[in-house]
Amino acid sequence: MAILIIEDEKKLVDILKRALKTERYSVDVAYDGEDGLAKAMKNRYSMIILDIMLPKKDGFTVCKELRARDIHTPIIMLTARGIEADRVTGLDAGADDYLIKPFGLNELFARIRTVLRRRKTVDSDIRKIESLVMDNRKHEVTRGGKIVPLTPKEYKLLDTLITHQGQAVTRRQLIDHAWGPDFEETNNELNVHINYLRAKINKGSKKTLIHTIRGVGFVIKE
């Protein structure tokens, strides 16, 4: 289970990394808001631990931008101040919980477990549409019981589409998740990868699941 820490206090980061690894979490780190946002957009994490006071982009902005881009990774915000307005702002921005510094590691672990349990009642590791099954626990896609071999970018594109199945997903949303928010197309890369993805999941089936919405993006539906 991967956790992203976005925090500029390196001593605190080192403590959190060691403690989380002893609990068998894998840990990624960003020391400013811009890098943290880019990593959260590019990679799939089970949890984000997000400080409010950060260089380049503050935690409120990072949280708002992630939610605006339909990234719903659970977020625990950290604040050095116990001001109610900060807590309210963080929760309104889309955070799932908050912790006031200094805090104990046992409390942090308890809050991580609570947030993840709460999210499990909403999110499922296995998503289905027609005979297509995406199992994020195994990082495996099958259709009609047969494994569909996907590249990492194809997997991310399918993950975005199937998360919003039946809904139009914009080109920008797909690019942000598969390539990152700073990527700009030069050779129609999205269409090329979508065509490869569509061909792979359609192989051996008469039903097309991924449909183009002209001027908008794509949708996956029966």
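Modeller: Two strands pair if DSSP finds at least two bridges between them. Strands (E, at least two residues) and helices (H or I, at least four) are DSSP runs, numbered from the N terminus. The model here is predicted: local features need pLDDT of at least 70, side-chain atom pairs count only at pLDDT 80 or more, and totals for chains, interfaces and linings use all residues. Residues are numbered from 1 along each chain as its sequence is written, and side-chain values use heavy atoms, without hydrogens and water.

Colleague: What makes β3 and β4 a pair, and in which sense do they run?

Modeller: Strand β3 (residues 47-51) shares four bridges with β4, so the rule is met. The sense is parallel. D51 stands opposite L78 of β4.

Colleague: How many bridges does β4 have with strand β5?

Modeller: Four, again in the parallel sense; β5 covers residues 97-100. Within that pairing M77 faces Y98.

Colleague: What makes β4 mostly covered?

Modeller: Five of its five residues are buried, that is, under 20% relative accessible area (exposed is over 50%, partly exposed in between; 1.4 Å probe, protein chains only). I75, M77 and T79 are buried on one side, I76 and L78 on the other. In a regular strand, side chains alternate between the two faces of the sheet.

Colleague: What makes G90 buried?

Modeller: Its relative accessible area is 3%, so it falls within the buried class. G90 sits in helix α4. Leaving out residues up to four places away in sequence, G90 touches F60, M77 and A95; contact means heavy atoms within 4.5 Å. Its C-alpha atom is 9.5 Å from that of T61, 29 residues apart along the chain.

Colleague: How do you know what counts as a cavity?

Modeller: On a 1 Å grid over the protein atoms alone, a cavity is a set of points where a 1.4 Å probe fits but cannot get out. A pocket is an open set with protein on both sides within 12 Å along at least five of seven lines; lining residues have an atom within 4 Å of a point. One cavity of 30 Å³ or more is counted. The largest has a volume of about 40 Å³, taken as the space filled by probe spheres set on the points.

Colleague: Which residues line the largest cavity?

Modeller: I52, M77, L78, T79, D86, R87, G90 and Y98. β4 (75-79) and α4 (84-93) each supply at least two of them. The lining divides into four nonpolar, two polar and two charged residues.

Colleague: What is the volume of the second largest pocket?

Modeller: About 180 Å³. Its lining includes R143, K146 and K203. By class, three lining residues are nonpolar, three polar and four charged.

Colleague: Where do R143 and K146 meet?

Modeller: They are bridge partners, with K146 in β9. Strand β8 (residues 140-143) and β9 pair antiparallel over two bridges. α6 packs on that sheet, touching β6, β7 (132-135) and β8, at about 110 degrees to β7.

Colleague: Why are β10 and β11 said to stand at the edges?

Modeller: Take the order of that open, antiparallel, three-stranded sheet: β10-β12-β11. β10 (169-170) and β11 (210-213) each have a single partner strand, so one side of each lacks a neighbour in the sheet. Two bridges join β10 to β12 (residues 217-220), and T170 has G217 as its partner in β12. Helix α6 (residues 152-163) lies across β10, β11 and β12, at about 70 degrees to β12.

Conventions: Ala, Val, Leu, Ile, Met, Phe, Trp, Tyr, Cys and Pro count as nonpolar, Asp, Glu, Lys and Arg as charged, and the others, Gly among them, as polar. Axes are lines fitted to C-alpha atoms, for helices over the stretch in contact, and angles run from 0 to 180 degrees between N-to-C directions.
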